[in-house]
Structures are given as C-alpha cells and as structure tokens.
Amino acid sequence: MSKTDLDKAFEEAVQRVNEHTKPFPADTLLKLYAYYKKATNDYGKPRSKKPIINAFKTNALFQVQNISPKKAKKKYIELVNNYFLYRK
C-alpha cells in the first residue's frame with residue numbers, strides 16, 4: 001500500500017467513525033483516539049474537563065508511543081474495519 005493509498009484509506013476510516021451515530025465501546029474509543037493522535041502527529045494533551053477521562057486518554061497515548069504514524073494509520077484502519085465487520 002503506497003503512502004497515498006494508506007492516507008486515503010485512513011481518511012475513509014476516519015470519515016466512517018465520524019459518521020457513526022451509535023456510541024463506541026470505551027476500549028475501542030480509546031484505541032481509536034490514540035491511533036488517530038499518533039497517526040496525525042497531534043501531541044497535544046487530552047482536554048477533557050474530567051481528570052479520569054484525561055488519565056485514560058493519557059494511558060492510551062502512552063501505549064502507542066513507540067509506533068510510527070504509518071503503523072498507527074494501519075492499526076486505526078484495521079480497528080475500524082474489524083469493528084464494522086462484526087456490527088453488520
């Protein structure tokens with residue numbers, strides 16, 4: 001998969017998540033958050049008003065700190081595809 005193909009697949013996966021109207025399970029949502037942040041090189045701190053949510057988000061980011069943005073995109077796409085595959 002070339003970078004262009006990967007970027008396109010990633011953008012399509014993000015759009016799919018954004019258009020989904022039902023809530024995601026918390027563990028899936030945290031993984032999506034962490035992979036997205038890593039894939040887009042967004043290193044800002046979590047900004048929830050609830051400290052416990054920030055702690056979970058920070059932990060999720062910590063778990064993906066040693067993967068590349070390219071791998072984060074692939075993991076994000078894989079997670080989205082698997083999530084929707086089992087929800088049909």
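**View 1. Helix 1 packed against helix 4.** In this predicted model, helix 1 and helix 4 pack with their axes 9 Å apart, at an angle of about 45 degrees. Helix 1 and helix 4 are therefore oblique to each other. Helix 1 passes helix 4 in a left-handed crossing. From helix 1, the contact takes in L6, D7, A9, F10, A13, V14, R16 and V17. Their partners in helix 4 are K70, K73, K74, Y76, I77, V80, N81 and F84.

**View 2. The buried and exposed sides of helix 1.** Helix 1 runs over residues 3-19, 17 residues in total. From its first C-alpha to its last, helix 1 reaches 24 Å, close to the 24 Å expected at 1.5 Å a residue. Its buried residues include L6, A9, F10, A13, V14 and V17. These buried residues cover an arc of only 140 degrees around the axis, which puts them on the same side of helix 1. T4, K8, E11, N18 and E19 are exposed on the other side. The buried residues of helix 1 pack against helix 2 (26-39) and helix 4 (69-85).

**View 3. A13, a buried residue of helix 1.** A13 is found in helix 1. Its relative accessible area is 4%, under the 20% cut-off, so A13 counts as buried. Not counting residues up to four places away in sequence, A13 touches Y76, I77 and V80. Those three residues also appear among the helix 4 residues that meet helix 1. K57 lies 44 residues from A13 in sequence, and their C-alpha atoms are 20 Å apart.

**View 4. T4, an exposed residue of helix 1.** T4 is found in helix 1. Its relative accessibility is 60%, over the 50% cut-off, so T4 counts as exposed. T4 is on the other side of helix 1 from the buried residues. T4 and Q15 are 11 residues apart along the chain, and 16 Å separates their C-alpha atoms.

**View 5. Helix 2 and what covers it.** Helix 2 has 14 residues, which should span 20 Å at 1.5 Å a residue. The end C-alpha atoms of helix 2 are 20 Å apart, in agreement. T28, L32, Y33, A34, Y35, K37, K38 and A39 are buried in helix 2. Helix 1, helix 3 and helix 4 are included in what covers these buried residues.

**View 6. Helix 2 packed against helix 4.** The axes of helix 2 and helix 4 come within 8 Å and cross at roughly 150 degrees. Helix 2 and helix 4 are therefore roughly antiparallel to each other. Their crossing is left-handed. Helix 2 contributes T28, K31, L32, Y35, Y36, K38 and A39 to the contact. In helix 4, these residues meet P69, A72, K73, K75, Y76, L79, V80 and Y83. K73, Y76 and V80 also appear among the helix 4 residues that meet helix 1.

**View 7. Helix 2 crossing helix 3.** Helix 3 spans residues 51-63. The axes of helix 2 and helix 3 come within 9 Å and cross at roughly 55 degrees. Helix 2 and helix 3 are therefore oblique to each other. Helix 2 passes helix 3 in a right-handed crossing. L30, Y33, A34 and K37 are the helix 2 residues in this contact. F56, K57, A60 and L61 meet them from helix 3.

**View 8. K37, a buried lysine in helix 2.** K37 lies in helix 2. Its relative accessible area is 7%, under the 20% cut-off, so K37 counts as buried. Leaving aside neighbours within four places in sequence, K37 is in contact with D42, G44 and L61. L61 belongs to helix 3 and is one of the residues that meet helix 2.

**View 9. N41, in the loop after helix 2.** N41 follows helix 2. Its place is in the loop between helix 2 and helix 3. Most residues other than glycine have a negative phi. N41 has a positive phi, near 55 degrees, and is a residue other than glycine. With a relative accessible area of 42%, N41 is partly exposed.

Definitions and conventions:
Residues are numbered from 1 along each chain as its sequence is written. This is a predicted model: local features need pLDDT of at least 70, side-chain atom pairs count only at pLDDT 80 or more; totals for chains, interfaces and linings use all residues. Side-chain values use heavy atoms; hydrogens and water are left out. The expected span of a helix is 1.5 Å times one less than its number of residues. Buried means under 20% relative accessible area, exposed over 50%, partly exposed in between (1.4 Å probe, protein chains only). The arc is that of the directions from the helix axis to the C-beta atoms. Contact means heavy atoms within 4.5 Å. Axes are lines fitted to C-alpha atoms, for helices over the stretch in contact, and angles run from 0 to 180 degrees between N-to-C directions. Angles under 35 degrees count as roughly parallel, over 145 as roughly antiparallel, 65 to 115 as roughly perpendicular and the rest as oblique. A crossing is left-handed if the near helix is turned anticlockwise from the far one by less than a right angle, and right-handed if clockwise.
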